[in-house]
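This report describes the pockets of one protein structure and the residues that line them.

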Amino acid sequence: LFARMPEGPATFLDRFDHARDAARLDGFVHRWTRGSDLARALGATATLQRRHGGLERAFLAVDDASEDDVGGALARFSDALLAVAPDGDPARDRALRFLLPRFGGGSAAKRLCLFLRWMAREDDGVDLGLWPDLDPSRLIVPLDTHVFRISGFLGLTDRRSPDARAAVEITCGLRALDAHDPLRYDFALAHLGILGDCPSRPDPDLCDPCPLRSACRCWSPGAATTAPRRRTRSPRRSPRRRRSP
């Protein structure tokens, strides 16, 4: 994708004109995303940037700092982007909405939450700290499969689906640990799963050295019966003989 933007992504976006430049993305395909989908998303982004003088200002224009978190602002931000997206094939609208998801209901809008995390949290070698006017205490955790599963083990959510409510529940739990920066734990939780250190089911060989074991539901006294014993080889049993009538 960047090879199609030899002037650099920022300059490409600053100068982007959908009618003129969309063709530069023709033929691009990544999984279910096509160049035409990206062109519409970039066109919407470029329009908001020019209208507000920057993407941060565009987001802050739909944000309400009195709200507990950025969930409402994320939904309004997506609405604003979709409202100015260039016209395209209606059959591809679903792909566009995948690129610009609306936080709420079944969508935790992981990529948008992750984007805000990169922008709002201080530069720590992982995040960038480029949006100082967005309070990190109001961010919502980017909910991937690892964060959702491990948060369930830790009692941060009882939701069965990784939806918007689950993301808010988990964030509220993390906010109780650090009210000013609840997402400081996101990277650690995600990589505990990514690296395979937290299995989907209790496994004494992996769980014994885990520093979170004492807080894990799988190993609480009430759940002791669900934790498997250490794996041993069971002796083979002889097949039962069928009795003759």
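In this predicted model, the second largest pocket holds about 220 Å³ of space. Its lining is made up of Leu-154, Leu-156, Leu-174, Leu-177, Tyr-185, Ala-188, Leu-189, Leu-192 and Leu-212. Two elements give two or more residues to this lining, namely helix H9 (164–177) and helix H10 (186–194). The greatest contribution is that of H10, with three residues. By class, the nine lining residues of the second largest pocket are nonpolar, with no polar and no charged residues. Tyr-185 belongs to the nonpolar class here, because Tyr is counted as nonpolar.

The largest pocket has a volume of about 1,100 Å³. It is lined by 29 residues, and those nearest its centre are Leu-38, Leu-42, Thr-45, Leu-99 and Phe-115. Five elements, helix H1 (9–14), helix H3 (35–52), helix H5 (71–84), helix H6 (93–99) and helix H7 (110–120), each supply two or more residues to the lining of the largest pocket. Of these, H7 provides the largest share, six residues. The lining of the largest pocket comprises 23 nonpolar, four polar and two charged residues.

The two pockets are set side by side below.

| Pocket | Volume | Element giving the most lining residues | Lining by class |
|---|---|---|---|
| Largest pocket | about 1,100 Å³ | H7, six residues | 23 nonpolar, four polar, two charged residues |
| Second largest pocket | about 220 Å³ | H10, three residues | nine nonpolar, no polar, no charged residues |

Technical notes
Residues numbered from 1 in each chain as written. Predicted model: local features only at pLDDT ≥ 70, side-chain atom pairs only at ≥ 80, totals over all residues. Heavy atoms only, no water. 1 Å grid on protein atoms, 1.4 Å probe; cavity = no way out; pocket = protein on both sides within 12 Å on 5 of 7 lines; lining within 4 Å. Points joined across faces, edges and corners; volume = space filled by probe spheres on them.
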